[in-house]
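Grab a pencil and open the viewer. Let's work through a few exercises together, one step at a time.

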Amino acid sequence: MFDNIVLTVDFLLEHKLLLTVLIILLISVIKRFILSRIRGDVAFLSDVQRKWMSRTKNGTSILIIVILFILWQTEVSKFALSVTAIAIALVIASKEIILCFTGSIQRASSRSFVIGDWIEVGKIYGQVIEHNLMATVIQEIDLDKGQYHFTGKTVTLPNSMFFTYAVKNLNFMKRYVFHNITITLVQFVNLYPLFPALTRQIEQHCEDFIEVAKRYNSMIEKHAGVDLPGSEPHIHITSGINGEQNVNIMIFCPTERAIQLEQLIREDFMAAFQETYN
């Protein structure tokens, strides 16, 4: 029995290509088994499940790389010594791959985001659902148009983008958000008399969550170490390039209710404007 095992090991060491295939298949089977156990029978994955699935994928990938490096170390060393020029050319050709790998190290060392966070990279917004050595996968969110819902699109970002674009962590926006509303008026009239009543109406719309909003606002200030705008509504007027008036309203509200509150506030303002000036 022992002799058979020794013969099998010697055979596999002599045929490294076969051994490599067997190692990759074995680790892949183990990975699929672990991932299926983590996922279970749930329809939607939690952030904790996503984190463990990502760790499993990354861990098995690193394990395969380490084992193959040890297995083929002699051949790799001989190849590197004999074809230095080719190796340099390969490094230049694989610049993007190297940037992706170092971008992954930069992300891990800076802890700029974790799975489940909302992030902005360039003009792309989304919730991180997976990251590995080469890329970060996010579920796109329509923040660019002032919305806060998922678009249904999955975006794969190469980690090299983290050297080109600033990564903004928008995680606090998952619960509450500073939502900006702009109402443009061509007619030039004095709008300031409308603001006291409009402010009271906004406060009425927000009264069921205002205390929680104040506590959450204070928590963000302490965590970030900066003085943020308060949770009360803010209204001011700016002028456009053609002389139109822009009424700018900012509220601090639950993210999922931002669009609903915007429509109520627009309705209140338009009703007050029509009653006063028409």
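Here are three exercises on this predicted model, each with a worked solution.

**Exercise 1: the cores.** Find out which residues of the largest nonpolar core touch the most other members, and which elements supply at least two residues each.

*Solution.* Start with the core itself: it has 36 residues, and L191, V247, I249, I251 and F269 touch the most other members. Next, look at the elements: β6 (176–185), α8 (195–206), α9 (210–224), β8 (245–254) and α10 (258–277) each supply at least two residues of this core. Apart from this core lies another one of ten residues, including I115, I138, V155 and M161. Now zoom in on V247: leaving aside neighbours within four places in sequence, V247 has contacts that include I181, L191, F195, I235 and F269. As a rule, nonpolar side chains in soluble globular proteins tend to be buried together.

**Exercise 2: the sheet.** Work out which strands stand at the edges of the five-stranded open sheet.

*Solution.* First write down the order, β4-β3-β2-β1-β5, with antiparallel pairing. Then check the ends: β4 (150–158) and β5 (167–169) each have a single partner strand, so one side of each is left without a neighbour in the sheet. Neighbouring strands here are turned by 40° against each other on average, ignoring direction. Finally, pick one pair: β1 (residues 118–121) and β2 (residues 124–131) are joined by four bridges, and W118 sits opposite Q127 in β2.

**Exercise 3: a pocket.** Describe the second largest pocket and its lining.

*Solution.* Begin with the space, about 290 Å³. Then take the lining: of its 14 residues, R55, R107, R111, V114 and H131 lie nearest the centre. Last, α3 (47–71) and α6 (95–110) are the elements that give two or more residues to this lining.

Definitions and conventions
Residues are numbered from 1 along each chain as its sequence is written. This is a predicted model: local features need pLDDT of at least 70, side-chain atom pairs count only at pLDDT 80 or more; totals for chains, interfaces and linings use all residues. Side-chain values use heavy atoms; hydrogens and water are left out. A nonpolar core is a set of buried Ala, Val, Leu, Ile, Met, Phe, Trp, Tyr and Cys residues joined through side-chain atoms within 4.5 Å. Buried means under 20% relative accessible area, exposed over 50%, partly exposed in between (1.4 Å probe, protein chains only). Contact means heavy atoms within 4.5 Å. Two strands pair if DSSP finds at least two bridges between them. Axes are lines fitted to C-alpha atoms, for helices over the stretch in contact, and angles run from 0 to 180 degrees between N-to-C directions. On a 1 Å grid over the protein atoms alone, a cavity is a set of points where a 1.4 Å probe fits but cannot get out, and a pocket is an open set with protein on both sides within 12 Å along at least five of seven lines; lining residues have an atom within 4 Å of a point. Grid points are joined across faces, edges and corners, and a volume is the space filled by probe spheres set on the points.
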